[in-house]
Amino acid sequence: MNFLNEVSERYPAAVSLAAGRPYEEFFDLAAVHRHLDTFHRHLVDDLGHRPEQARRLLLQYGRTKGIVHHLIARNLAVDEGITVDPEDVVVTVGCQEAMFLVLRALRAGPTDVLLAVAPTYVGLTGAARLVDLPVWPVAGGSAGVDLADLAAQVRRARAAGLRPRACYLMPDFANPSGVSIDTAHRQRLLDLAAQEDLLLLEDNPYGLFHIDDGPRPPTLKALDTGRRVVYLGSFAKTVLPGARVGYVVADQRVAGADGRVGPLADQLAMIKSMVTVNTSPIAQAVIGGRLLEHGCSLVAANNRERSAYTRNLRHLVAGLTRRFPDQPDQPAVRWTVPAGGFFVVVTVPFPVDDALLDRSARDHGVLWTPMAHFYDDTAPVCALRLSVSAVTPEQIDVGLDRLAALITDELTRRAG
Ligand SMILES: Cc1ncc(COP(=O)(O)O)c(C=O)c1O
C-alpha cells in the first residue's frame, strides 16, 4: 500500500483505477454536524440521558465496547436479518482494528495458524503478521471458496501439529477478486466449519453494493446457528472512511486466561482497552446519527452510492469489452464480471509487478493494483485489479484507453 501511495504521489496526473476509496462527490461536511446532533438528541430523547450525561458520553473517555452498539445491532437486524445481542458487539477504530483484535485473541501459541481464502485483503495479512499468526492460503476459485481445499488445508495443518484457529473470507464481492459465494455454497461452508470445528471470520464491507435488483444472499452470520461466525463490519464504504469506525460481532463463548468462560466480545474489549482504549465517541456519534436518520438501514442510506458504483462497474466492464474484443490471433486479455462491489480483475499474458505499475504511471498515466500484492508469496501473477469506486465514467474511459495502450506496448516489447 505504501508503494501504491508513493507511485500516486509521484504521478499525480495519472488516473487512478487503484484506489478502493469510496466516491467523494457525496461527502458532505454539513451532514456530519447534523449526524452528531441527531445522535445527541437520541441520547437525550430516546435513551433518557440528562443533557450533561449526553455531553459527557460524546466528549469524555468512554465505554470500551462503544456507544453505538445498540444501533449496529438494529442495523444488522434491519438490513441483514441478523439477531445479535448488542453486548456481543465491539465498536472499533475501523474494521482494521476489529481484525487485529480478533487475530490477537485467537493467537494463543506458536502452533496457531490462520486460514484465509486467497487472494486476500492486505489489511488482514498485515494484522496477522503483527500478531505472529502465519496465514495459510485456501483456494478461492469461481465459487469463492474451494471447500475441498479448505478441508484439505485444515487436515494438513492439524497433521503437522498446527492449530487452524479460523478461516477468513469475504463472501460478498471480495477484495480483490470481486467473487461472491452463492447461498447454497455458504450453507455448505457452514456445514464444513461445523464438521471441522472451525471458526469463520466473515468480512463484509461491500455487500450492499450489488448491481442487480434481486435479493442479496444472506450473510454467513445470518445463516449461523452454531456461533461459528465472527462478523467484521466497516462503515468506511457505507458512511465515511474518515470516521474510522468499524465493529465486530463476537457472540462466541470462550475460555479466558483464568479458565472462566465468557463472551469473546469481552475478551476483544479487554485487548482493545490496551490498544485504542475506546473508539472516538464523536466519530461513533456521526455514524450513529447517520444510522438514525435512515431508520438504521444502510441499504436506505446508500441508494445514491449504490447507483454510482453500479453505473461505474457496468461502464468499466463494457469499456473492457470494447477495447479488448475477442480476437483469436491476439493473446488473451480476460476480466471478471462481478455482480457488485468495487473490483474487477484483469488477466494479461505477462507477469504484472511493481515495475510495470511504475512504467504504467510514468509512460501511460494510469494506476491499478498488481494482483501479486494480494498473495503472500513471491510467485509471479499475470493479473491486475481495477477499482471503480473513486472515479467518474469519464475517468474510467481515459484510464482504460491508457491501460489498453500499456498492454499493447507490453505485448509489442515482449514480441520484439
Ligand atoms: C475487505 C476489507 N476489509 C476491511 C476494509 C477496511 O475497513 P476499515 O476502513 O473500516 O478499516 C477494507 C477496505 O478497503 C476491505 O477491503
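**Exercise 1. Decide whether Phe-324 is buried or exposed, and describe its ring partner.**

*Solution.* Start with accessibility: Phe-324 has 12% relative accessibility, so it counts as buried. Here buried means under 20% relative accessible area, exposed over 50%, and partly exposed in between, with a 1.4 Å probe and protein chains only. A word on the source: this is a predicted model, in which local features need pLDDT of at least 70 and side-chain atom pairs count only at pLDDT 80 or more, while totals for chains, interfaces and linings use all residues. Residues are numbered from 1 along each chain as its sequence is written, and side-chain values use heavy atoms, with hydrogens and water left out.

Next, turn to the rings. The structure holds ten aromatic pairs. In one of them, the ring centres of Phe-324 and Trp-335 are 6.3 Å apart and the planes meet at 50 degrees, so this pair is tilted. (Rings of Phe, Tyr and Trp, the last by its six-membered ring, pair if their centres lie within 6.5 Å; planes under 30 degrees apart are stacked, over 60 edge-to-face, and the rest tilted.)

Then place the partners in the fold. Phe-324 sits in the loop between helix H13 (303-323) and strand S11 (334-335), and Trp-335 in strand S11, so the pair ties together parts eleven residues apart in sequence. Helices (H or I, at least four residues) and strands (E, at least two) are DSSP runs, numbered from the N terminus.

Finally, look for a larger group: ring pairs link Tyr-206, Phe-209, Tyr-309, Phe-342 and Phe-343 into a cluster.

**Exercise 2. Work out why Cys-296 has no disulfide partner.**

*Solution.* First, recall that a disulfide is a pair of cysteine sulfur atoms within 2.5 Å. Now check the distance: the closest cysteine sulfur to that of Cys-296 belongs to Cys-95 and is 20 Å away, too far for a bond. The count for the structure agrees, with zero disulfides. For the surroundings, Cys-296 is buried at 2% relative accessibility, whereas Cys-382 is partly exposed at 31%.

**Exercise 3. Find the cavities and say which residues line them.**

*Solution.* Begin with the search, which finds two cavities of 30 Å³ or more in the whole structure. On a 1 Å grid over the protein atoms alone, a cavity is a set of points where a 1.4 Å probe fits but cannot get out; a pocket is an open set with protein on both sides within 12 Å along at least five of seven lines; lining residues have an atom within 4 Å of a point.

The largest cavity has a volume of about 150 Å³. Its lining has 16 residues, and Glu-80, Asn-204, Leu-208, Tyr-231 and Leu-298 are the closest to its centre. Helix H4 (69-80) and strand S7 (229-234) each supply at least two lining residues, and H4 gives the most, with four.

Move on to the second largest cavity, of about 40 Å³. Asp-172, Phe-173, Asn-204, Gly-207, Arg-216, Pro-217 and Thr-219 line this one.

**Exercise 4. Describe the second largest pocket.**

*Solution.* Take the volume first: about 510 Å³. Then list the lining, 19 residues, of which Leu-106, Arg-163, Arg-165, Leu-199 and Val-254 lie nearest the centre. Last, trace the elements: helix H5 (94-106), strand S5 (163-169), strand S9 (253-255) and helix H10 (264-272) each supply at least two residues of the lining.

Methods
Points joined across faces, edges and corners; volume = space filled by probe spheres on them.
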